[in-house]
Amino acid sequence: MERFVYADNAATTKVSDRVLAAMTPFLQQNYGNPSSIYSIGRESKKTIEEAREKVSVALGASPAEIYFTSGGSEADNWAIKGAAATQAKKGKKHIITTNFEHHAVLHTCEKLARDGFEITYLPINDEGYITAEQVREAIRPDTALVTIMYANNEIGTIQPIKEIGKVCREAKVWFHTDAVQAVGHVEINVQDQNIDMLSLSGHKIHAPKGVGALYIKKGIVLQNLIDGGGQERGKRAGTENIASIVGLGQAISDCTQDIETKIKHVSAMRDRLIENALKIPQVRLNGGLQNRLCGNANLSFTAVEGEALLLLLDMNGICGSSGSACTSGSLDPSHVLLALGLPHETAHGSLRLSINEETSDEDIDYIIKTLPPVIERLRAMSPLWDK
Amino acid sequence: MLYSEKVLEHFANPKNVGELEDANGVGEVGNAKCGDIMRMYLSIDGDVIKDVKFKTFGCGAAIATSSIATEMIIGKTVEDALKLTNRAVVEALDGLPPSKIHCSVLAEQAIKAALSDYYKRQGIDPAPIVGGAGGCDDCGECDVCNAH
């Protein structure tokens, strides 16, 4: 293998050196329970509150509005089910979302539908965007919640969150956004952008897996996620995952610093990657290029199946992922690509490459060089290619 | 998704890829909706399968099952090829993940479809010999088909 290129940062990232260094004291030295009265306990408590402060600063929120969770899926579940339970008491049982959300949102909405909620799934356009106008038209007097992702995990399209939030504010409807892919890659300010609840995950921004947070705007009351002790203001009980919370605090500070420079640098590499990949015959870029995550490229190659492409790229040292959920053991094609209007055979064969600031120009060169022969090889064995 | 070494080996270096110009039996099964299409070309002389080639659009398992299935019938009699089961294909690959078993079904069906075509070209009704050739819809393994 000539080179190892990790281009699946939308799936997960490596824990950074700075994050690891911040975390390790809390595993063996300062291991006190934050609820304990003695010094190492108090030290832990103080550290958690510092991390909460860091998360709040990164989002433009106040620390009391940040709740630590085990990750993005938990935050999504809590926001949606919690809001649904509160709002149902007021007779509001209608939820608005989109047809290209992450499964943490889609499957949660499906569960609520089985419990008697009505769900409106707004369709994205063929570039992968929702408009605030669509949201406005869908809002009803009994709408309990609008939940729309900040940026899509497969095609990287960034939604007009501020405008959607404004529509929700005007209609006095709660607005939640799954920002797992957006944090650290887009400038976020929950106040300016009219966001009531926001989910984020640590492992997408160089913190470890198993930690995330939910921002809940002051004044919004969700039912408790875990009943028990007084942790997370009694709403999510259980002794805190201190080391990981410290890691998340460090990671979110790091990734939101000088974000403009980073976006410019990473988008330039991504654009070069896309430009060169589009030279391959019969290829398409999925999702619009205008408002797109700086590290996301999602391509479909006619007559090439996604999983085979990933395996062959892996054999050449490149880690990518596919819109085809074949990789996760399901045979369903990507619901995101189907939502874009792509036919099944194309939805089975997409390649998502997600780069970040750790990606080098040499890595991009290597992908550009490796991709064409790999595609050619798979097409040579494909009965769809000679048709 | 954990593939055996054997599956990865056949995926990385598939045997008998391509087309046969002098094929006298060609069969295609699967559909793009399911994400797998297999086409088999047989060159049959007398009663013996002299050569086999395949073209497959599909995942790693689909390519590996196609490859090993061609190896398992080259040089065999038509009668023996008809006896090839998907289970034998799975065993030859040291197993397949549960969600990929349907690929082995497709490989068996692709061979049967090609043999049916061979009989038809000879003016023989294949149904009593080959049986229902089966299509993608009969495999029942795939969510897309199950939704039909």
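**Exercise 1. What span should the 17 residues of helix H4 (residues 72-88) of chain A have at 1.5 Å a residue, and how far apart are its end C-alpha atoms?**

Keep in mind as you work that this is a predicted model.

Step 1: The expected span is 1.5 Å times one less than the number of residues, so for the 17 residues of H4(A) it comes to 24 Å.
Step 2: Now look at the model, where the end C-alpha atoms of H4(A) are 24 Å apart, in agreement with the expected span.

**Exercise 2. Work out how covered H4(A) is.**

Step 1: Count a residue as buried if its relative accessible area is under 20%.
Step 2: By that cut-off, 12 of the 17 residues of H4(A) are buried, and the helix is mostly covered.
Step 3: Find some of them in the structure; among them are Trp78(A), Ile80(A) and Glu74(A).

**Exercise 3. Find the edge strands of the open sheet of seven strands in chain A.**

Step 1: Write down the strand order, E2-E8-E7-E6-E5-E3-E4, and note that the pairing is mixed.
Step 2: E2 (66-69) and E4 (118-122) of chain A each have a single partner strand, so one side of each lacks a neighbour in the sheet.
Step 3: For E2(A), pairing with E8 (residues 212-216) of chain A is antiparallel and runs over four bridges. To see one of these contacts, go to Phe68(A), whose bridge partner in E8(A) is Ala213(A).

**Exercise 4. Is Val105(B) buried or exposed?**

Step 1: Locate Val105(B) in helix H5 (residues 101-121) of chain B.
Step 2: Its relative accessibility is 16%, so Val105(B) counts as buried.
Step 3: For a spatial check, take Ala62(B): 43 residues separate it from Val105(B) in sequence, while their C-alpha atoms are 9.8 Å apart.

Note on methods:
Residues numbered from 1 in each chain as written. Chains lettered and ligands numbered in written order. Predicted model: local features only at pLDDT ≥ 70, side-chain atom pairs only at ≥ 80, totals over all residues. Heavy atoms only, no water. Pairing = 2+ DSSP bridges. Helix = DSSP H or I, 4+ residues; strand = E, 2+ residues; numbered from the N terminus. Buried < 20%, exposed > 50% of the residue type's maximum accessible area, 1.4 Å probe, protein only.
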